[in-house]
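Reader: I have the coordinates open and would like to talk them through with you. Shall we take it one feature at a time?

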Amino acid sequence: MSDQPVALITGASSGIGLATARTFLENGVHVVGVARNPAKLDNAAEGLTGLPARFVPVALDVTANDSPARAVAQAIDTFGRLDHLVNNAGIGSPAPVHETDDDTLDQFLNIMLRAPFRLAREALTAFGDTATIVNVSSTYAILGGLRGGAYSAAKAGLNGLTLHMAAQYGAAGIRSNAVAPGVIPTPMTEHRLEAEAFRRMNHDMTPAARWGQVEDVAQAIWFLSSPASGWINGQVLAVDGGWTATKYLSEEALTAPRESTSPDWTHSGRPPKRD
Ligand code: NAI
């Protein structure tokens, strides 16, 4: 069995998950990194060599029925232990409720609620005497984000799962927390950042002089996984430069002409009324 702790991180090929894998490796934690696309994952793995701990890529779709067992078995077979789970894999670009069909609803709930639930259930069978789970939620599950739809629903479910597990397994030495990032430039969000209204709603309403970075979230996930947070259990930590906690409006947002808001981001969208 490895002397060093071991983390299972989903969505480790890109964005927040990749930055989190790097942070764990830098802190001497071996990482089993899960993602969908084998080529992207191999590419990520190449960039992570030479760090103090080892990265083991596992290409799988987290929604497949056998994925939790396969991912956890990889950690046990390779390192003989599992200490941390980070449920990070996710997708973006949601739509309002009235524009969300059943397949899309199922897809969002499967990836960002059902899969984390099933991965946690499997990880619980492999954890040692102490362990941590960190779920990557969203500010859109704390505040009602425009166009949140199935995404907000899945992430709010994830927050509920976090609280339940904190209560249920805290006494057994397993802490469960969540981070709720604000909008961070990643492959998931970069196309949306092209929309001026989206940028205004996020950047111009954040009392920070810069965009959030993937490393900001990775450091919070690491803190909630490390002994430094040993007395923290059942929290949903917003990592958002103050977006959810303030009603901040930059000078630019305060003076923005109304017509700069694109139709997609107005409050008026609703389904056509029945005759
Ligand atoms: P990203 O698109 O850069 O990375 C997503 C990762 O999830 C990739 O590694 C991808 O392979 C993996 N993934 C997606 N579906 C999968 C599946 N079915 N099976 C296995 N892996 C799958 O996205 P980003 O921005 O790094 O997002 C990571 C998490 O952070 C997501 O849960 C997202 O909802 C959350 N988040 C992101 C925010 C942002 O502004 N970037 C804000 C709030 C939350």
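Reader: Which residue forms a salt bridge with Arg-210?

Author: Happy to start there, and please keep in mind that this is a predicted model. Side chains of opposite charge can pair when their charged atoms come close. For Arg-210, the closest N and O atoms of the pair are 2.8 Å apart, and the partner is Asp-216.

Reader: Is Asp-216 buried, partly exposed or exposed?

Author: Buried would need a relative accessible area under 20%, and exposed one over 50%. Arg-210, at 46%, falls between the two cut-offs and is therefore partly exposed. Asp-216 has a value of 26%, so it also counts as partly exposed.

Reader: How many salt bridges does a search of the whole structure find?

Author: Let me name a few before giving the total. Arg-81 pairs with Asp-83, N to O at 2.9 Å, and Arg-200 pairs with Asp-204 at 3.6 Å. The search of the whole structure finds 5.

Reader: Are Arg-81 and Asp-83 buried or exposed?

Author: These two side chains meet in a salt bridge. The test for burial is a relative accessible area under 20%. Arg-81 and Asp-83 are both buried.

Reader: Which residue is linked with Arg-200 and Asp-204 in a network of salt bridges?

Author: Good one to look at on screen. Arg-200 and Asp-204 are both buried, and their side chains meet at 3.6 Å, N to O. The network that links them also includes Glu-196.

Reader: Turning to the nonpolar side, which helix gives the most residues to the largest nonpolar core?

Author: In soluble globular proteins, nonpolar side chains tend to be buried together. Here the largest nonpolar core has 40 residues, and those with the most contacts inside it are Leu-8, Val-62, Leu-82, Leu-85 and Phe-127. The helix that gives the most to this core, with 7 residues, spans 102-124 and is H4.

Reader: And how many residues does the other core have, the one with Ile-9 and Val-217?

Author: That core lies apart from the largest one. Its members include Ala-19 and Leu-41 as well as the two you name. The number of residues in it is 29.

Reader: Which residues does Val-62 touch, leaving out those up to four places away in sequence?

Author: Val-62 is among the residues with the most contacts inside the largest core. A contact here needs heavy atoms within 4.5 Å. By that test, Val-62 touches Thr-10, Val-34, Ser-67, Ala-89, Ile-111, Ala-115 and Leu-119.

Reader: As someone who docks ligands, I have to ask: what is the volume of the largest pocket?

Author: Let us begin with the residues around it. The lining has 42 residues, and Asn-88, Ala-89, Gly-90, Ile-91 and Met-188 lie nearest the centre of the pocket. H1 (15-26), strand E2 (30-35), H4 and H5 (149-169) each supply at least two of the lining residues. The volume is about 890 Å³.

Reader: How many residues of that lining are charged?

Author: The lining divides into nonpolar, polar and charged residues. There are 19 nonpolar and 18 polar ones. The charged residues number 5.

Reader: What is the phi of Arg-147?

Author: Most residues other than glycine have a negative phi. Arg-147 sits in the loop between strand E5 (127-136) and H5, and it counts as buried at 17% relative accessibility. Its phi is positive although it is not a glycine, at about 65 degrees.

Reader: Where does Ser-93, with its positive phi, lie?

Author: Ser-93 is not a glycine, and its phi is near 55 degrees. It is partly exposed, with a relative accessible area of 38%. Ser-93 lies in the loop between strand E4 (82-87) and H4.

Reader: How far apart in space are Thr-100 and Gly-149?

Author: Thr-100 is placed in the loop between E4 and H4. Beyond its neighbours up to four places away in sequence, Thr-100 touches Ala-95, Leu-105 and Ala-150. Thr-100 and Gly-149 are 49 residues apart in sequence, while from C-alpha to C-alpha the distance is 7.3 Å.

Methods. Residues numbered from 1 in each chain as written. Predicted model: local features only at pLDDT ≥ 70, side-chain atom pairs only at ≥ 80, totals over all residues. Heavy atoms only, no water. Core = buried A, V, L, I, M, F, W, Y, C linked by side-chain atoms within 4.5 Å. Buried < 20%, exposed > 50% of the residue type's maximum accessible area, 1.4 Å probe, protein only. Helix = DSSP H or I, 4+ residues; strand = E, 2+ residues; numbered from the N terminus. 1 Å grid on protein atoms, 1.4 Å probe; cavity = no way out; pocket = protein on both sides within 12 Å on 5 of 7 lines; lining within 4 Å. Points joined across faces, edges and corners; volume = space filled by probe spheres on them. Nonpolar A, V, L, I, M, F, W, Y, C, P; charged D, E, K, R; others polar. Salt bridge = Lys/Arg side-chain N within 4 Å of Asp/Glu carboxyl O.
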